[in-house]
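Student: I have a model open on my screen. Can we go through it by question and answer?
Tutor: Yes, ask away.

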Amino acid sequence: MMEKNSQRGTRTGFTTGACSAAAARAAAIGLAQGQVPAAIESLLPNGSRTSFAVQDGRCDELSAHAVVVKFAGDDPDCTDGAHLTVDLRLLPHQTGKVVYRAGEGVGTVTMPGLGLEVGGPAINPVPRQNILDNIREAAPGLLAEHGLEITISVPGGQDMARKTTNARLGILGGISILGTTGIVKPYSTAAWRASVVQGIQVAATLGHGVVALTTGGRTESFAMTELRQDRPELPAACFVQMGDFLRYALDEVVAQGIRLVVLGVMVGKLTKIAQGETITHANRAEVDTDLVARLARDIGASEADCQAIAQAETARFGAELMVERGLGEAFHRALAQAAIDTLTAPGRYGNAFQLRVLVCDFSGQKVADLWSAPARECASPVTAGRTGIGHLQHPDFDTE
């Protein structure tokens, strides 16, 4: 289950969503078979399967309870060791109905802009689907005959949430159940930064002259789909999940003399880039919603909407509001252009490379595709990396 024997600094772990899905699978088996197993093999959102130990399994005819302890690998995650607890309760004669509840230590959504129902549990869409996939696979008869109430709890989750930005985002009372692949990579470690640099070095050797930098699995899948429409020959090694480490990635792009950089991003990280942050982790700096409001104003949004955007806690709120107002395309293009202007400004990266910004929404649909001016001619990759472009020459950028 856990990569505990791997070299420290590189061990991957599992998301709160994957652990919850594993606990739900075990509980569903308990409801269907009368006994909760001590270990199960669970389906992850990325399609792979992993074994999880199950604790405190118990069940009766109408309910079941199971716990999976989270291992975060080498990511410095406040939820490492959390007890992801799932209680399933049958809803007789309510075939196919599924109700999610936030138990102790799981947050409740109190503000729009997160893609979740206000007043509902902070259980993200991918984990919800992964939980259902595991229940249907392990115990197909449950939802074919009844409904299910799925309650997720995390003892101590309120204390864990104080170490996150949840309260600022309107998630109150506990942590969020998150994860798009099920796997936690150590994005916040020096080892992960080194792996980003290494990935770009590999891409530079392939002769395609392009690297696509993405923030995670969802944006990588989006970027692959878009780029391979015109360049089906691009190998996976041309796509590098940089996580939050844009500065390290772009510095290495320049050092390697790569001429085209594609950024595959969503609105939150794109806003961070536009405002000048090149370490885009949520805990490093707040999203500048005043910037989002200014862009909305520039494309003709009402003053009332601009004020609401400025007072919001997420860039997503502003983006979704502009989509509702019929200004979504103009807004995303303006935000992408702002990011290009920031990164290509004199004293930053200039035109050391050409930049293409591909933006997708939270369903993976393309909402913007913008290009910068072409890259300048330069003497050599080594020279390019030593002419005032490296991160030591970025005093106005967020530094680590």
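Student: In β15, what is the bridge partner of T214?
Tutor: First, the ground rules: this is a predicted model, where local features need pLDDT of at least 70, side-chain atom pairs count only at pLDDT 80 or more, and totals for chains, interfaces and linings use all residues. Residues are numbered from 1 along each chain as its sequence is written, and side-chain values use heavy atoms, with hydrogens and water left out. β14 and β15 pair in the parallel sense over three bridges, where pairing takes at least two DSSP bridges between two strands. In β15, T214 has as its bridge partner Q241.

Student: Which residue in β16 stands opposite T214?
Tutor: Strands here are DSSP runs (E, at least two residues) and helices are runs of H or I of at least four, numbered from the N terminus. β14 and β16 run parallel, joined by five bridges. Opposite T214 in β16 stands G264.

Student: In what order do the five strands of that sheet, with β15 and β14, lie?
Tutor: The sheet is open and its pairing is mixed. Its edge strands, each pairing on one side only, are β15 (239-241) and β18 (366-371). The twist averages 20° from one strand to the next, with axes fitted as lines to C-alpha atoms, for helices over the stretch in contact, and angles from 0 to 180 degrees between N-to-C directions. The order is β15-β14-β16-β17-β18.

Student: What is the bridge partner of V357 in β18?
Tutor: V357 falls in strand β17, residues 354-360. β17 and β18 pair in the antiparallel sense, over five bridges. The partner of V357 in β18 is L370.

Student: At about what angle to β15 does helix α6 run?
Tutor: Helix α6 (residues 217-230) lies across β14, β15, β16, β17 and β18. With β14 and β15, α6 also makes a right-handed β-α-β unit; right-handed means that, with the strands pointing away from the viewer, the path from the first strand over the helix to the second runs clockwise. The angle of α6 to β15 is about 165°.

Student: How many residues of β14 are buried?
Tutor: Buried means under 20% relative accessible area, exposed over 50%, and partly exposed in between (1.4 Å probe, protein chains only). On one side of β14, V210, A212 and T214 are buried, and on the other V211 and L213. The buried count for β14 is five of five.

Student: Which helix gives the most to the largest nonpolar core?
Tutor: A nonpolar core is a set of buried Ala, Val, Leu, Ile, Met, Phe, Trp, Tyr and Cys residues joined through side-chain atoms within 4.5 Å. The largest one has 53 residues, and I200, V211, L213, V261, L263 and F353 touch the most other members. Eight of its residues come from one helix, residues 328-343: α12.

Student: Which residues does E252 touch, leaving out those up to four places away in sequence?
Tutor: E252 lies in helix α7, residues 246-256. E252 counts as buried because its relative accessibility is 13%. With contact taken as heavy atoms within 4.5 Å, E252 touches V197, I200 and Q201.

Student: Which strands stand at the edges of the sheet with the order β4-β5-β6-β10-β7?
Tutor: This open sheet has five strands and mixed pairing. Each edge strand has a single partner, so one side of each is left without a neighbour in the sheet. The edge strands are β4 (55-59) and β7 (98-102).

Student: Which residue in β10 stands opposite R89?
Tutor: Strands β6 (residues 83-92) and β10 (residues 146-153) run antiparallel, joined by eight bridges. Helix α1 (residues 16-33) lies across both, as well as β4 and β5. The residue opposite R89 is E149.

Student: Is H93 buried or exposed?
Tutor: H93 is found in the loop between β6 and β7. H93 is not a glycine, yet its phi is positive, about 65°. Its relative accessibility is 74%, so H93 counts as exposed.

Student: How many disulfides does a search of the whole structure find?
Tutor: A disulfide is a pair of cysteine sulfur atoms within 2.5 Å. C19 is buried at 0% relative accessible area, and C238 is buried at 1%. The number of disulfides found is zero.
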